[in-house]
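Subject: A structure for you to explore

Hi there,

Here is the structure I promised to pass on to you. Have a look around first, and then read my notes below.

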Amino acid sequence: MAASNPPTAGATGRATPSGASAGRPAVGLVLGVDDATPLEFWVAVAPGQTLQLDDVVALERRLPDGATVEIYGLVTQIRARHEGAHFQSDVFLIADGTLPAQVSEAALVQPTRFEPEILLPPLPGTPVRLAEASQRDTALSFDTVERRLPAGLSRADEPVYLDLDFIDGTKGAHINISGISGVATKTSYATFLLYSMFTSGALGADAANTRALIFNVKGEDLLFLDHANRLVDDDQAARYRALGLTPGPFRDVGILAPPRKGDLNATPATGSRKTGVAPFFWTVADFCHQRLLPFLFADAEDERQQYTIVVQSVTAQLAQLEATEDGAVRFDGRLIRTFPALVDALEDRLSPTDPDEPPDPRWTGRAVGSGTVNAFIRRLASAKRHVEHLIRADIAKAQAHALDLDRHQVTVVDIHGLHDRAKRFVVGVVLRQAFEAKEASGSALPLQFVVLDELNKYAPRDSSSPIKEILLDVAERGRSLGIVLVGAQQTASEVERRVVANSAIRIVGRLDPAEARRDEYGFLPAVARQRSTILKPGSMYLAQPRLPVPLLVEFPFPSWATRPAEAVRGGGARSVDSAGATDDVDLDTVDGNGAGPPADDPFAGLTS
Amino acid sequence: MSAGPAMRFAVDTWAPDYGTSREEQLQEASRPVDVEVEVLPDRWVPITPDPAVRPAGAITFVDGVRRIDARIWIGEPDGFDRPGVCATVAAGAVRCLPGRATIESVLVERALFSASPVATDLDVGAAGRYLLKPTPIASDEALYLAVHNHMMSVEERLSDELEEPGLVVYDGRLGPRNGPESAGYVKSQHVQYLESTDLQAVIGALEPGQRTPLFHIGGELPNWSWYLRLPGPRSHSMSGIVRVELPGLGDVSDAVERADLLSRTLPRFASESHKDARAPQNLYPIAGLERELRRRLGDARLLDRALRQRAADSAGHAAVSAARSAAG
């Protein structure tokens, strides 16, 4: 029929296009029955052509002075309908050959770039072409990125980059990842980004000194980073190479785990990895002098809680105790080597045996009643069994087990087996240590990355705690200090706004449908929100400041093992951990299930 | 833009629809009717077309639409204004194959109908150009008839250009379009061809899918014709009744064969009342084609604006020349 002429450049009476859309046949024309705006417009797809979601397109608009604006955009929605049909049931008549109708397809395009930046709507009738190769880079502003960090592949298997300027603090910092558990998103992607950071060359010479601190909060996925993944086949390897990366394990990894409870030798408590793991804990002297007590109290900064005054007073007093060379402290004439002993001593100090004698106000704070003191003691005592193995001076050379975040390029701190209270304590203390070290160094470079999942636990929206304060410090001042937080959570709506808001890069994996509707994901267009609820494993939406539209990326299967069954025997990078053990996984003692993922889902088996 | 002196005209302030209520009530010259061609009058009963006749696989429907865009008044040297009608007509064909109905071609034409001797083509810029079609008489009736005839001629031109049209059904009377495969499809019955009430009763007795015996309508352009009842709810005796006509040439047995074929083919296309105000007679392909044609006529308000703009320009131009001649 007459309407089926394929569109040509001449169809609009415009001169032959150059630049943005030269050469390729038009896939369609900007249509005129829906408003075309500089923020979005519809393209009628020409007969015999197709556009699909995530396609990148280019078109032009001629200005009155003869200059040309090149407009680039991303297809975010496509619809097809019968024109000439009025009733839903008309489709049967049309299929029967009784009622004439035309199928029309239209794609919604969200502009990603105007070159030069003159924000005009494209004119109806303008031919639209697919942007490929260098044009695609222009469309996605990759051509203006000096330091590109490979961040994954588009669905068309073309590389997608992040601008390092928005990660390392030059123009912005921090990465925030949301997504439900179990679809290989958050930590897998965070580690992939780290791998890309260290091996892509984007960091240049700084890569060697850049450090990453990773908290392993769930499972044991991150305990095998230093072992190559035997499930990475040629296809997956090719995906790494398409991004300019070489698949392999992380090179310089230190793995720290808490000591086993009740074990006087303080052997690390990890399940499947028996070797190459060093224990970490703090001496009683560290605990007192580094003022770690508040981190045992999740709500210690909450002004409404009376006992926080006691916490502050006790912390100040503990800092003045005399330490011994082996990490113990002297307290009221007693030598304190364990946390329970410290709690007992504190109890004696705060609750005098003679009830008529008021407690020492230097320890309790002024005008504090005995009820408040008792509340403090109760809370402290309840923490005892969760952290006693982490605070101790009962083994030889206890000081040697202090955390050294500088020794390895990647330091994994395993806290997955700890009680929530102990997790918060470790995260808070380690973060503060990293933060203070950076503050003291006075230089943003080399960068310190911190990967922390379950941010909702450590920086919840509705309460205050020392850990949250540290995270807020990292989020707000880390950019200038060179600390980059790669935070993750299932639900961004439950995380402190300022932590998420300070992240320049926002990433979304599969979301719960109710969660996807929340304002926290306002950077996702409506269709992307819908799609986020059905994203398949290994796919994420990437929102970065350079692009007004989030991009869908797929990242390759981890080339490092995420569980013992995946580890290449003896193939890991060799490194020496802080306890002097070699790093091979004891593969004969591991309890992996040995089953590889099914071929069609490279991410099967990943848990977070 | 046309060169030479511009035609001076004004667009009537009344909406063009006023005065067009006469529609299709074109006078039917009384024509001789022969009801004895298939069976004798006393044997007239409803006929069920032979079920062995397979409905046509391919059929083309041709239809046209017209719209009065504006009634204008053309200024003449004697100081009087003569009427004119600016109209757009469109004709199209839809080819129905099993599983696929396609609009094959569409012709759209704009024309100015007037008896004024000073009338010229009317160029309205991007909206198009109204080609002058002179009419002998300036009456409203003559102008509207000219619009109708122009539409018929566009339909005819269009059907001449169809490739392998096969069975062609024209919406409305066949008129001069008497190709061997042509049929006319008359939805509304304004003329009583059957004088005898006994014969008229046969129409009322038709069941869906049944037809009357053939009758022959004489005159300058003779036709074979019959009534057919389409499937659908029956609210009165003429519900779903259409009259179909063929060119009145050749042998009656050929005509009977074609009547059976058409009577077997057309009911499939009958529309349902919730989808079409003129159901079931307004066949789906024709309804769909008409919708498309009306769309192709272009936006009436745009044309109206373009015409009024042009009229204002012409008045301004005339005023300037008048002022010049006065000054000279």
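Let's begin with chain B, which has five helices and 12 strands. Please keep in mind that this is a predicted model. The C-alpha trace of chain B spans about 85 × 40 × 35 Å along its principal axes. Chain B has 328 residues, and 39% of them count as buried. If you take the contacts in chain B with a separation of 6 or more, 65% are between residues 24 or more positions apart.

Next, where do the two chains meet? On one side are 21 residues of chain B, and they are in contact with 13 residues of chain A. Three elements of chain B each supply at least two residues of the side that touches chain A: strand S4 (81-97), strand S5 (100-114) and helix H4 (284-296). The largest share of that side comes from S5(B), with seven residues. Sorted by class, the side of chain B that touches chain A has 11 nonpolar, four polar and six charged residues.

Now turn to chain A and find two of its helices, H9 (residues 370-387) and H10 (residues 420-441). How do they sit relative to each other? Their axes come within 8 Å and cross at roughly 80 degrees. Angles of 65 to 115 degrees count as roughly perpendicular, so H9(A) is roughly perpendicular to H10(A). If you zoom in on the contact, you will find A:Ala383, A:His386 and A:Val387 on the H9(A) side, meeting A:Arg421, A:Ala422 and A:Phe425 of H10(A). By class, this contact has four nonpolar residues, one polar and one charged.

Last come the nonpolar cores. The largest one has 163 residues, and those with the most contacts inside it are A:Val43, A:Ile167, A:Val284, A:Val412, A:Val426, A:Val450 and A:Val451. You have already met the helix that gives the most to this core: H10(A), with nine residues.

A:Val284 is a nice residue to click on. Leaving aside neighbours within four places in sequence, A:Val284 is in contact with ten residues you can look up in the viewer, including A:Gly327, A:Ile336, A:Phe339, A:Leu342 and A:Ile391. Arginines are on that list too, namely A:Arg337 and A:Arg392.

Apart from the largest core lies another, of 80 residues. Among its members are B:Ala91, B:Ala127, B:Ala259 and B:Leu307.

Enjoy exploring, and write back with any questions!

Best wishes

Note on methods: Residues numbered from 1 in each chain as written. Chains lettered and ligands numbered in written order. Predicted model: local features only at pLDDT ≥ 70, side-chain atom pairs only at ≥ 80, totals over all residues. Helix = DSSP H or I, 4+ residues; strand = E, 2+ residues; numbered from the N terminus. Buried ≥ 20, exposed ≤ 12 C-beta atoms within 10 Å, placed from the backbone. Contact = placed C-beta atoms within 7 Å. Nonpolar A, V, L, I, M, F, W, Y, C, P; charged D, E, K, R; others polar. Axes fitted to C-alpha atoms, helices over the stretch in contact; angles between N-to-C directions. Parallel < 35°, antiparallel > 145°, perpendicular 65-115°, else oblique. Core = buried A, V, L, I, M, F, W, Y, C linked by C-beta atoms within 7 Å.
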